[in-house]
Amino acid sequence: MIRVDEKVAVAVNGTGEPIGFKWRNANFLVANKPMRWFARREWWKEASRAQRGIGTDIIEVEMWRLLASDLHQKSCQQYELIHTVNGDDWRLILVYP
Amino acid sequence: MTFTHLHVASAFSGHYGVTRPELLAEAAAARAERALAITDRNGLYGSIKHIGACLKLGLNPIVGVSLNILNNQDEPLARCVILAHGGDGGIGWSALCRLVSKANTVKRKEAGIRLEHLAKYVNRDGLTVATVLLGPDSNFGRAALTENRTTAAGILIQWLKALPGKGALAVEIATHLTEPGTAYSLTQARRMLQLADNIGVPTILTNAVRYLSPDDALTADVLDAARHLEPLGSFEPQPNAQGWLKPANLMHKLAEEITEDRTRAKKLLDTTELLAQKCELNPERDCGWGKPKTPEKALLGIDGNPFEVLWQKAHAAIDWRYPHAKEKKLLDVKHRLSKELITINQLGFATYFLTVADVAQMIRDMRIRIAARGSGAGSLTNYLLGISGVDPIEHDLLFERFLSTERSSLPDIDIDVESARRHDIYRAIFKRYGSERVTLLSMQSTYRGRGAMRDSGLALGLDEEEIDDIAKNMWRFSARKFRDAAESKPELAKLNAALESDRKMNLLVDITERLDRLPRHISMHPCGVILGDGNLLDLTPVETSGMGLPMSQYDKDDMDPMGMLKLDVLGVRMQSAMAYAVREIEKTKDIVLELDDIPKDDPQTFELIRTTNTLGIFQIESPGQRELTGKHQPTEFNDLTIQISLFRPGPMKGNMIAPYLDGRHGFAKPEYLHPDLKPILQETFGVVIFHEHVLRIFDKMTGCGLAKADEFRRSLEDPRVAQSVERFFKTQANTRGYGRDTIEKVWTILASFSSFGFCKAHGAAFALPTYQSAWLKTHYPTEFLAGLLTHDPGMYPRRLLVAEARRLGVKLLPIDVNKSSDEFLVQPIPGTHDFGVRMSLTDVKGISDSEVQRIIGEQPYLDIADFYLRAKPSRRTLSNLALVGALDELAKHSGHNRGDIMQRVKELNLLKNRTKDDPDQFAFDFDLKEQLPRGEDLTKEEKLQAELDILKMDVTEHQIEQFRPMLDAMGVINSSELLSVRNKSEVLIAGVRVATQTPPMRSGKRVVFISLDDGHGTADATFFDEAQARSSHILFNTRLLLIAGKTRRTGINGVSIMAENAWDLRTLWSEWSKRPELSA
């Protein structure tokens, strides 16, 4: 398992599921139905404000776990992406060997 | 598209839910849902508010509870939601109430119920009356994640066997879209669904809701920390922010994500709606909503029509209350009584009045003092039934202010009793009506400023001292506006500076604002008792209260909607003090007093009040009331009613005091606006003070009737309705021939009055104990002071009562281990025929209850050794007792002084064991005739200092006396002499600070009032800006003060001092003691 944390460009389908992403100049295609979940953030360690109406970005973050391969690979690898809903910002977090 | 949420914790799930029930219901109604459930944790705390909100919004209410379910070894199996079925005439509701009571009355760390007990409540005579939801927080839910299919299926089958009835069990599918493989993940939901389908258990969908919107999840984090009593990060937090009241479209989407099958998703949603319909309550038929509930007639000793009984009872009491009344007066009484009884009958409240009368009679039979308070004193029926002791006809009080056909809610009849006997009364009520008809009322306290900030600080793991520091400076602002306050209040400047850079301080302010006003914890209401019929416990769940008796999970706001009869039995220390005085009078003087029967026009009593020496008198002893007494100079009972009513925030803000006093003393001609109003306002010289005045004016000028008039009065406070009231008033008054000018003037007064007035009945109810305590102080000062010292009803420290006793010439007898008890007893003064007050053991610093009881139990003692051996005081208590002279009498016969006693005590305290069994040691240390070692006697000053240190009271003489030579040399005058010096004279006074007040002033400037006691009474000094600046260093802290200033007449018997400067008396004394002429 490799920790990465790099910004990636992601293409999604009509329901918002990732279908492919571009990482380090390589294009990856998603090969399964990706799993989505919400992980929490420890806002008391990170946030500078927590007023009413601040929204959920400081509390939770959308996560995607998926299988993908770039065009040169024979087999798929598992990846985890973080999606910041409000800013529509995608980051690649984990690559499973 | 529709979706009914069946699992929703409201803010009334202590430290778990975030949103108030009303807001949840509003959200569901705005989405055009048909129903909504509330399922608070461990109780039905928010259920009545939920039902009320649903009724208002046109939603069908559903109620359940979230409870820990235990196996037979009391180990937790699951936390389940249990939903009551509705539309079954209340069987489901009653089962829910009773199972919640069961879960809360067995002593456990947290509420819980065994599965086998739960099963009995769920199935009533073969009928399923509730549904248990088996969800992710259960052994089944956990097994679905971690065990193989067979094991998980086995657990589900066990549940099905335990709850076999049709519809008794459903599997609750819920996902918060957590990480796959964890609780509340899609994986878990899918597996639970499959297992349930395989075994054939119905499945329903919920979102296990804790808050209304995702943003509230952060508040839930903070509440979790408060519940765990640990900072965030040191326990497993909620997984994310998905537990909100999601709208139907999102819930439908979730169903599809879980099932990955449209048909199955639809079935899941349909089953959910079917269960919802099964659980929709009919509040009237299921919960007894709004139906008045009173004890059964037989219990009140009635057969036949309660109204006829009430009629007879009230009429039969006329002779008792009006023994010497003339024919005309009797006619008035009967006429008014008929009017009241007709209203009571129309409202169907006869049984209610009989119930309250029955309780009042029971309390009197227990020989406990009782008085009514509030608007109930305006009712002749209450007076005749013995519920109230104030004659409403004599005092001109109105029934309509208390009860009218314009309002249908049960009136509040509040009764005051002796505080020391309150719990006895509760137990007697339980005994008399049976524990199935009575419960105590609960109270939900809410987060306010400091509490909110402390729990927020805890959640963030901030330093406790730092938090305390800020908390101390949180004064008079709503925590909801904490950030604004930090910016504007000087005392929070430090915090505000921290907000520039300190991240945690910013979070602290933000989450404190979030917590404000949320329910915090439940406790026993200080005075409420619910009285119902034999079915009461089918309608309200109960839990064990602090005092051991069962307490309803409903609060006072739930009483009216549920039609429950709430009795306010409030403990009042003054009633205890007066009852104590009456008992001591009977004991020592053999006089049996009926305090309620004493004539209310005793000239000596009013004479005493007019001196303004009102210390210890109910309601009029504060510095402000004392000043008002000096100006007002009451001469009759009604004056007391007026004075008590005037000194309230409303009349004070409404500026009613000055015009009233001007009228009374003839400084201004009373202005009645119209001759018709003169009879109404004569008693207050044209000033509108009482609600009763407003009612009469409305009635007089519009002919609307007093009942309607009270409705108008109430609606004046609502600006939206006030307009239509204004139109009505002006048109009606106009048609009745009042001039335009008069109408405008009267309306201006009525409109501006709305928030300022006071209920005269309430004032009169208070005036009764005021008069009674003043009467006791006038005629039996020794016994009255003994009562005050024992029950401590007032606002001042005990030492001021001691000073007052000395001023009144009441002899104070020192603590004596042979004669003192845990009360301040009235005892003969040795060698005289007079009586004095024996100081109590309870005021000795550090003495324990068991020590006190032991000392009393072993009395009398022969000598110090005897006391030491049998009373077994701790070392510190023994030497404290010796220091304040409590052992003096034991050594007196052998001619020893306190120094010798102290020496002996020192020896005794050096002994290792206190064994009685060893006669040898006994013979060695304690000879029969005690001979004490010699020690140096204490000086007068040392004795006084010991009293102040140990008793916090100066018993032998006033502590100011130690400075007497200096005070005399400086020409300091006594507070009692202030009245005889000319106005605006320069004076010096000295004394002990007894009160400091900084009331808010209209000008916005701070004024400081300091009251000093010098043993001759109390002197009040006023410090304005300059004087404050001159004496700033001692203004708030120094106890012994010398104040220089000018006298200012405030009334016939009123003088205060405009302070110019103040000094610390001790500092002056040490300088004075060093003065050159002493050494010369």
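A residue is called buried if 20 or more other C-beta atoms lie within 10 Å of its own, exposed if 12 or fewer do, and partly exposed in between, with C-beta atoms placed from the backbone. The model is predicted: local features need pLDDT of at least 70, side-chain atom pairs count only at pLDDT 80 or more, and totals for chains, interfaces and linings use all residues. Residues are numbered from 1 along each chain as its sequence is written, while chains are lettered from A and ligands numbered from 1 in the order in which they are written.

**Exercise 1. Chain A**

Task: State what share of the 97 residues in chain A is buried, and describe the pattern that chain A follows along the sequence.

Solution.
Step 1. Buried residues account for 27% of the 97 residues in chain A.
Step 2. Chain A holds one helix and eight strands; here helices (H or I, at least four residues) and strands (E, at least two) are DSSP runs, numbered from the N terminus.
Step 3. In sequence order the pattern is β-β-β-β-β-α-β-β-β.
Step 4. The C-alpha trace of chain A spans about 50 × 30 × 20 Å along its principal axes.
Step 5. Of the contacts in chain A between residues at least 6 apart in sequence, 43% join residues at least 24 apart; a contact requires C-beta atoms, placed from the backbone, to lie within 7 Å.

**Exercise 2. The side of chain A that touches chain B**

Task: Determine how many residues each chain gives to the contact, and which element of chain A gives the most.

Solution.
Step 1. The contact takes 21 residues from chain A and 24 residues from chain B.
Step 2. On the side of chain A, strand 5 (35-40) and helix 1 (43-46) each supply at least two residues.
Step 3. Strand 5 of chain A gives the most, with six residues.
Step 4. By class, this side of chain A has 10 nonpolar, five polar and six charged residues. In this scheme Ala, Val, Leu, Ile, Met, Phe, Trp, Tyr, Cys and Pro count as nonpolar, Asp, Glu, Lys and Arg as charged, and the others, Gly among them, as polar.

**Exercise 3. Domains 1 and 2 of chain B**

Task: Give the bounds of domain 1 and domain 2 of chain B, and characterise the side of domain 1 that touches domain 2.

Solution.
Step 1. The assignment for chain B includes domain 1 (21-287) and domain 2 (297-444 + 523-574); such bounds come from an automatic or database domain assignment.
Step 2. The centres of these two domains, taken over C-alpha atoms, are separated by 41 Å.
Step 3. In the contact, 14 residues of domain 1 of chain B meet 15 residues of domain 2 of chain B.
Step 4. Helix 2 (47-57) and helix 3 (91-105) of chain B are the elements that give two or more residues to the domain 1 side, and helix 3 of chain B provides the largest share, seven residues.
Step 5. The domain 1 side has six nonpolar, seven polar and one charged residues.

**Exercise 4. Helix 7 of chain B**

Task: Compare the expected span of helix 7 (residues 186-199) of chain B with the distance between its end C-alpha atoms, and locate the packing of its buried residues.

Solution.
Step 1. The expected span is 1.5 Å times one less than the number of residues.
Step 2. For the 14 residues of helix 7 of chain B the expected span is 20 Å, and the end C-alpha atoms are 20 Å apart, which agrees.
Step 3. Buried residues of helix 7 of chain B include Leu186(B), Met192(B), Leu193(B) and Leu195(B).
Step 4. The buried residues pack against helix 5 (139-146), helix 6 (149-162), strand 8 (169-173), strand 9 (203-205) and helix 9 (248-259) of chain B.
Step 5. Gly200(B), with a positive phi near 90°, follows helix 7 of chain B.

**Exercise 5. Backbone features in loops of chain B**

Task: Place Asn42(B), Phe685(B) and Pro860(B) in their loops, and describe the backbone of each.

Solution.
Step 1. Asn42(B) lies in the loop between strand 1 (35-41) and helix 2 of chain B. Although not a glycine, Asn42(B) has a positive phi of about 70°. Asn42(B) is buried because 23 other C-beta atoms lie within 10 Å.
Step 2. Phe685(B) lies in the loop between helix 31 (678-681) and helix 32 (691-702) of chain B. Phe685(B) has a positive phi of about 55° and is not a glycine. With 21 other C-beta atoms within 10 Å, Phe685(B) is buried.
Step 3. Pro860(B) is in the loop between helix 39 (849-858) and helix 40 (864-871) of chain B. The peptide bond that joins Gln859(B) and Pro860(B) is cis, with omega about 0°.

Conventions: Two residues are in contact if their C-beta atoms, placed from the backbone, lie within 7 Å.
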